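Visitor: I'm new here and would like a tour. Could you show me what we're looking at?

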Amino acid sequence: MLSRLTRPRALAVCAVPVVALLATAVFAPLPFSVARPGLTADVLGENRGTPVITISGAPTREATGQLRMTTIEATSPDTRVSLPDVLDAWFGTGRAVMPRDSVYPSGDDVEEIEQYNKEQMRKSQDEATLAALGYLDLDGKDVEVDLELADVGGPSAGLLFSLGIVDKLNGDDGDLTGGRTIAGTGTIDAEGRVGAVGGVPLKTQAARRDGATVFLVPEAECADAQAELPDGLRLIPVTTLEATVDALVNLEKGAGKVPSC
């Protein structure tokens, strides 16, 4: 025998699964990472007491300014990010919500991801060295370059590594920094082509926090960099190592073209 529910009782019964679904949606893990501005490091100087760039087989010079590579800090690959976390970061300041797959390789465990990032960093360092020595017409058999940067993974420091090597070795163009603190980001291949990286708005915040007044950004990410650009930070879009060096030389000498976003 079926009993007839009154309207209030019927609504109450129907509300139970709805509330359960909403609770599940609120606390279920989402495919996002929450990121914030990370550390920056001067590739012309030391990191944790160790020179970032060590060169043998050719004379080098001391720089008067800084070239700071930039990073973001994201929630770890195994962190459960729920809807409240996303909303808190979305409406907060100094943080960003990013698709997890744009930060970490999908489907891998934490150890595999860490190993992947280390391999990407090693590859980036090798390509950066080849790009810099190729730009300077130097033979890698004669000049040995060692790059050391602790606790940083991925390929996005490639451009800054190349610039640091060029700045230490190339006496013809003078000091690339002109005494400034210059920051930036971008991958680089052995031919000197600069690639996009992601997380640029957070990296510009990290750069300005640590004293940079100029930020080198892959040209394809100009719009992203402009979206939340900190006051006092000048953007220079770049596409190749050669064009980046030219822009910095022109900036330092106060002559010639310096591109802008």
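Guide: First, a bit of vocabulary: helices (H or I, at least four residues) and strands (E, at least two) are DSSP runs, numbered from the N terminus. Residues are numbered from 1 along each chain as its sequence is written, and side-chain values use heavy atoms, with hydrogens and water left out. This is a predicted model, where local features need pLDDT of at least 70 and side-chain atom pairs count only at pLDDT 80 or more, while totals for chains, interfaces and linings use all residues.

Visitor: Which strand does Ile188 lie in?
Guide: Look for the run of residues 187-188. Ile188 belongs to that run, which is strand β9.

Visitor: Does Ile188 count as buried or exposed?
Guide: The cut-offs are under 20% relative accessible area for buried, over 50% for exposed, and partly exposed in between, using a 1.4 Å probe and protein chains only. Ile188 has 6% relative accessibility, so it counts as buried.

Visitor: How many ångströms separate the C-alpha atoms of Ile188 and Leu241?
Guide: Contact here means heavy atoms within 4.5 Å. Leaving aside neighbours within four places in sequence, Ile188 is in contact with several residues, including Glu127, Ala128, Ala131 and Leu241. Ile188 and Leu241 are 53 residues apart along the chain, and their C-alpha atoms are separated by 8.0 Å.

Visitor: Which residues of α8 make the contact with α4?
Guide: Axes are lines fitted to C-alpha atoms, for helices over the stretch in contact, and angles run from 0 to 180 degrees between N-to-C directions. By that recipe, the axes of α4 and α8 come within 10 Å and cross at roughly 65°. On the α4 side the contact is made by Ala131, Ala132 and Tyr135, and on the α8 side by Leu241, Glu242 and Val245.

Visitor: Which residues does Thr129 touch, not counting those up to four places away in sequence?
Guide: Thr129 sits in helix α4. With 15% relative accessibility, Thr129 counts as buried. Its contacts, not counting residues up to four places away in sequence, are Val145, Leu147 and Ile165.

Visitor: How many residues of α5 are buried?
Guide: Gly158, Phe161 and Lys168 are among the buried ones. The helix is mostly covered, and the tally of its buried residues is twelve of twelve.

Visitor: How far apart are the end C-alpha atoms of α5?
Guide: The expected span of a helix is 1.5 Å times one less than its number of residues. For the twelve residues of α5 that gives 16 Å, which agrees with the end C-alpha atoms being 17 Å apart.

Visitor: Which cysteines form a disulfide?
Guide: A disulfide is a covalent bond between the sulfur atoms of two cysteines; here the test is a pair of cysteine sulfur atoms within 2.5 Å. A search of the whole structure finds one. The sulfur atoms are 2.0 Å apart, and the pair is Cys222 and Cys261.

Visitor: Where in the chain are those two, and how many residues apart?
Guide: The link of Cys222 and Cys261 is left-handed, with -65° about the S-S bond. It joins distant parts of the chain: Cys222 is in helix α7 (residues 222-227), Cys261 is in the segment after α8 (241-253), and they are 39 residues apart.

Visitor: What is the phi of Asp137?
Guide: Asp137 lies in the loop between α4 (110-135) and β7 (144-147). With a relative accessible area of 70%, Asp137 is exposed. It is not a glycine, yet its phi is positive, about 55°.
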